[in-house]
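Got your viewer open? Grab the mouse and let's take a walk through this one together, one selection at a time.

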Amino acid sequence: MSQEGEQDQSDRKKYEFRKVIEDLKNFEGSGTQLVTIYIPEDRQISDVVAHVTQEHSEAANIKSKATRTNVQDALTSIKDRLRYYDTYPPDNGMVIFSGAVDSGGGQTDMVTKVLEAPPQPVESFRYHCDSNFLTGPLEDMLTDKGLYGLVVLDRREANVGWLKGKRIEPVKSASSLVPGKQRKGGQSAQRFARLRLEAIDNFYQEVAGMANDLFVPKRHDLEGVLVGGPSPTKDEFLDGDYLHHEIQDKVLGKFDVAYTDESGLRNLVDNAQDALADAEVVKDKRQMEEFFKQLHAGERATYGFDQTRTNLVMGSVDRLLISEDLRKDVVTYDCAECGNTDRELLDRRKATPEHTCSECGATVSAGEDDRDDAIDHLMEIADQRGTETKFISTDFEKGEQLYNAFGGVAGILRYSTGV
Ligand SMILES: [Zn+2]
């Protein structure tokens, strides 16, 4: 699969996860009875089953009978689901949600959801029982996108590593032989200064070598590089062109950090938040700018659900742009009288109304099968036509416009179609 293709797949997966999480967040249990389990990929399923069995017997001590029954039912349901897995969970692990949620009027509904293979690995086993499902760690995996290279250094030590989404991974460190500023007695001041500069230069080369070894092979996936340290170290390091030129080009900025050990990497990411946020929306901004350019030229742009869908079906859409905040269903009304098909967008939680055929005026009703998530609906057509799908955040003006003024759906066309 091409890199773009993989990106599409992961965007789609993220969207599907986001949808499930939004549903889960709306649920509430009347007691501490909603169970969430995060399972890393290297955790044996038999261990998880043993843990769940243990929790089940401990739940016998819960005082409220209703809560006790609900927790035990949830755990039984989880055990049933775990039976479908062999020794280990899928790559990146999985997350299971189960519990009796309030469905209004004092009634409860049993809900069990299994999310397999999240976009980033589940890092540690977590068992959580509360009146809400624990969705935070999963949301963290979805909000962030890119891969960034990190370098922190002063003249004594350096650390390089990755920022993968929200996760920081220290990879390598080095410490220098640069002598302190105090020279020993008997050494000429000039010779001392020269040796010291040489040692600093060697150390910068070593650090750059470490960073290049790590970042250059990944340069096409790399969204940017952050460099941290005290002044003037980080400035000397960057101004001295020690880094490979392609890596140097990706430097988003230099930042003051208090530490240059592994904790300095965290410090660097904290101080670079604004630069990171900008970098995240830059890609989205580019898409929207191209869309507006085409729109003003009046040729290769389409927007709104119906128009974009028509173009998609024709195969004329190069890139489908969907607002990340779009939460709609599409209902398809097939008229039995005249054979016409109408489509209507609806809020997710709204019941399907009856519809008047736009051709013949007959009343058309639609069932569950005629109703589909609007994004899934469009992406399915896009996949069949070789159209790329891009999700656009609403964190910038033109992204907001896509949502507010264009119905959350637009497209950049391969050629002008006049639709
Ligand atoms: Zn009709």
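What follows is a series of stops, each with something to select and something to look at. Keep in mind along the way that this is a predicted model.

**Stop 1: the zinc ion**

Start by selecting the zinc ion. Which protein atoms hold it? Show C335, C338, C357 and C360 as sticks: the SG atom of each is a donor, 2.3 to 2.4 Å from the zinc ion. Along the chain, these donors are spaced as C-x2-C-x18-C-x2-C.

Now pick out two of them, C338 and C360. C338 sits in the loop between β12 (328-334) and β13 (341-347), while C360 sits in the loop between β14 (355-356) and β15 (363-364), so this pair ties together parts that are 22 residues apart in sequence.

Next, turn on angle labels if your viewer has them. What is the arrangement of the four donor atoms? It is tetrahedral, because the angles they subtend around the zinc ion run from 103 to 113°. For reference, the ideal angle for four tetrahedral donors is 109.5 degrees.

Before you leave, switch on the surface. C338 is partly exposed, at 39% relative accessibility, and C360 is partly exposed too, with a relative accessible area of 41%.

**Stop 2: α10 and α11**

Select residues 305-314, which form helix α10, and residues 374-385, which form helix α11. When you look at two packed helices, the things to describe are the angle between their axes and the distance between the axes. Here the axes come within 9 Å and cross at roughly 25°. That angle makes α10 roughly parallel to α11. The crossing is left-handed.

Which residues meet where these helices pack? From α10, show F305, R309, L312 and V313; from α11, show A374, H377, L378, I381, A382 and R385.

Zoom in on H377, in helix α11. Is H377 buried or exposed? With a relative accessible area of 11%, H377 counts as buried, the cut-off being under 20%. Leaving out residues up to four places away in sequence, H377 touches F305, R309, V330, R343 and D372.

Then click on V313, over in helix α10. V313 is partly exposed, at 35% relative accessibility. Setting aside residues up to four places away in sequence, V313 touches I381 and R385. Want to try a distance label? Draw one from the C-alpha of V313 to the C-alpha of D109: these two are 39 Å apart in space and 204 residues apart in sequence.

**Stop 3: α2 and α3**

Now for another helix pair: select residues 45-58 for helix α2 and residues 65-82 for helix α3. Their axes are 10 Å apart, and the helices pack at an angle of about 165°. So α2 and α3 are roughly antiparallel to each other. α2 passes α3 in a left-handed crossing.

To see the meeting residues, show I45, V48, V49, V52, T53, E55 and H56 in α2, then Q72, L75, T76, I78, K79 and L82 in α3.

**Stop 4: two buried residues**

Select K14 in helix α1 (residues 3-26). K14 is buried, at 9% relative accessibility. Add P118 to the selection: K14 and P118 are 104 residues apart in sequence, yet their C-alpha atoms are 8.1 Å apart in space.

Move on to Q287, in helix α9 (residues 273-297). Q287 is buried as well, at 13% relative accessibility. What does Q287 contact, apart from its neighbours within four places in sequence? Show R319, L321, K390, I392 and I412, and you have them.

**Stop 5: backbone curiosities**

Select S231 and P232, which are joined by a cis peptide bond with omega at about 0°. P232 lies in the loop between β8 (222-228) and α6 (233-239).

Next, try N92, in the loop between α3 and β2 (94-104). N92 is not a glycine, but its phi is positive, at about 70°. N92 counts as buried, with 19% relative accessibility.

Finish at D241, in the loop between α6 and α7 (245-248). D241 has a positive phi of about 55° and is not a glycine either. Is D241 buried or exposed? Exposed: its relative accessible area is 58%.

Definitions and conventions. Residues are numbered from 1 along each chain as its sequence is written. This is a predicted model: local features need pLDDT of at least 70, side-chain atom pairs count only at pLDDT 80 or more; totals for chains, interfaces and linings use all residues. Side-chain values use heavy atoms; hydrogens and water are left out. Donors are N, O and S atoms within 2.8 Å of the metal (3.2 Å for Na, K and Ca); water is not among the atoms, so sites may look incomplete. Four donors count as tetrahedral if all angles lie between 85 and 135 degrees; four count as square planar and six as octahedral if opposite donors are over 155 degrees apart and all others between 65 and 115; anything else is irregular. Helices (H or I, at least four residues) and strands (E, at least two) are DSSP runs, numbered from the N terminus. Buried means under 20% relative accessible area, exposed over 50%, partly exposed in between (1.4 Å probe, protein chains only). Axes are lines fitted to C-alpha atoms, for helices over the stretch in contact, and angles run from 0 to 180 degrees between N-to-C directions. Angles under 35 degrees count as roughly parallel, over 145 as roughly antiparallel, 65 to 115 as roughly perpendicular and the rest as oblique. A crossing is left-handed if the near helix is turned anticlockwise from the far one by less than a right angle, and right-handed if clockwise. Contact means heavy atoms within 4.5 Å.
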